[in-house]
Amino acid sequence: MREVIIITELDKMKVLAEPTRFKILELLRMHPMSIGELSTFLKKDRSTVYRHIKALENAGFVEEIGHEGHEKIYARTARLFLLKVEPDESTEEFRRQYLRIEASRLMEILKKSGVKIKDEERFVKLVEEVLKEIEDNSRPILQKISQADLDLKEVELFHLLNLLVFLQSCELCEKAEKMKKLVEF
């Protein structure tokens, strides 16, 4: 299993837009599982789970890694998937919702850490805008890295994402100033 795979193809992201497939990937984070185990966790029949596993396998998210009796065992192909695709009409709503959820989670992390947010609604909206802008501007570089099929480590991805944000830091200064006014450290 690789540590990180960057996904830039729209057809692969659409595979994950189906909630059951997304849940299967979440479950496989715990450990490799058979169709029977996944079926039990998901409370869905085996044929449904098998169909979803095959879609995930064809898209490169899971792979068969062995057998346990008559059952095939499936695992994720990477510990971490970074999804960065060119937005289109079919994924834009999913992307908007995802960014809103992530912006809210980031705000909650800050609040639990003792950071005071003066206007939570404005803060979340601004974080959404910043995340979207960073993603949009980083897409060409991430696509090149994805196509190079590099074996990225998690720490390398972390540093790469920091570098991509740094490259855009001058363009984000105005939003950074607005955000500073919304938080008290």
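This is a short tour of a predicted model, with stops at a pocket, a surface patch and a single helix residue.

Begin by selecting Arg2, Ile5, Ile6, Ser146 and Asp149, which lie nearest the centre of the second largest pocket among the 14 residues that line it. The volume of this pocket comes to about 180 Å³. Now colour strand E1 (2-7) and helix H6 (120-148), the elements that each give two or more residues to the lining of the second largest pocket; of the elements, E1 gives the most, with 5 residues. If you colour the lining by class, you should find 8 nonpolar, 2 polar and 4 charged residues.

Stay with helix H6 for the next stop and select Ile141, which lies in that helix. Because its relative accessibility is 36%, and partly exposed covers the range between under 20% (buried) and over 50% (exposed), Ile141 counts as partly exposed. Add Leu163, Phe166 and Leu167 to the selection, and you have, together with Ile141, a nonpolar patch on the surface with about 400 Å² of accessible area together. Helix H7 (residues 154-167) gives the most to this nonpolar patch, with 3 residues.

For the last stop, move to helix H5 (residues 89-112) and select Gln97, which has its place there. Is Gln97 buried or partly exposed? With a relative accessible area of 44%, Gln97 is partly exposed. Finally, select Ile73 as well and draw a distance from C-alpha to C-alpha: Gln97 and Ile73 are 33 Å apart in space, while in sequence they are 24 residues apart.

Notes: Residues numbered from 1 in each chain as written. Predicted model: local features only at pLDDT ≥ 70, side-chain atom pairs only at ≥ 80, totals over all residues. Heavy atoms only, no water. 1 Å grid on protein atoms, 1.4 Å probe; cavity = no way out; pocket = protein on both sides within 12 Å on 5 of 7 lines; lining within 4 Å. Points joined across faces, edges and corners; volume = space filled by probe spheres on them. Helix = DSSP H or I, 4+ residues; strand = E, 2+ residues; numbered from the N terminus. Nonpolar A, V, L, I, M, F, W, Y, C, P; charged D, E, K, R; others polar. Patch = residues over 30% accessible without salt bridge, like charges linked within 9 Å, V, L, I, M, F, W, Y side chains within 5 Å. Areas by Shrake-Rupley, 256 points an atom, 1.4 Å probe, with all protein chains shown as cover. Salt bridge = Lys/Arg side-chain N within 4 Å of Asp/Glu carboxyl O. Buried < 20%, exposed > 50% of the residue type's maximum accessible area, 1.4 Å probe, protein only.
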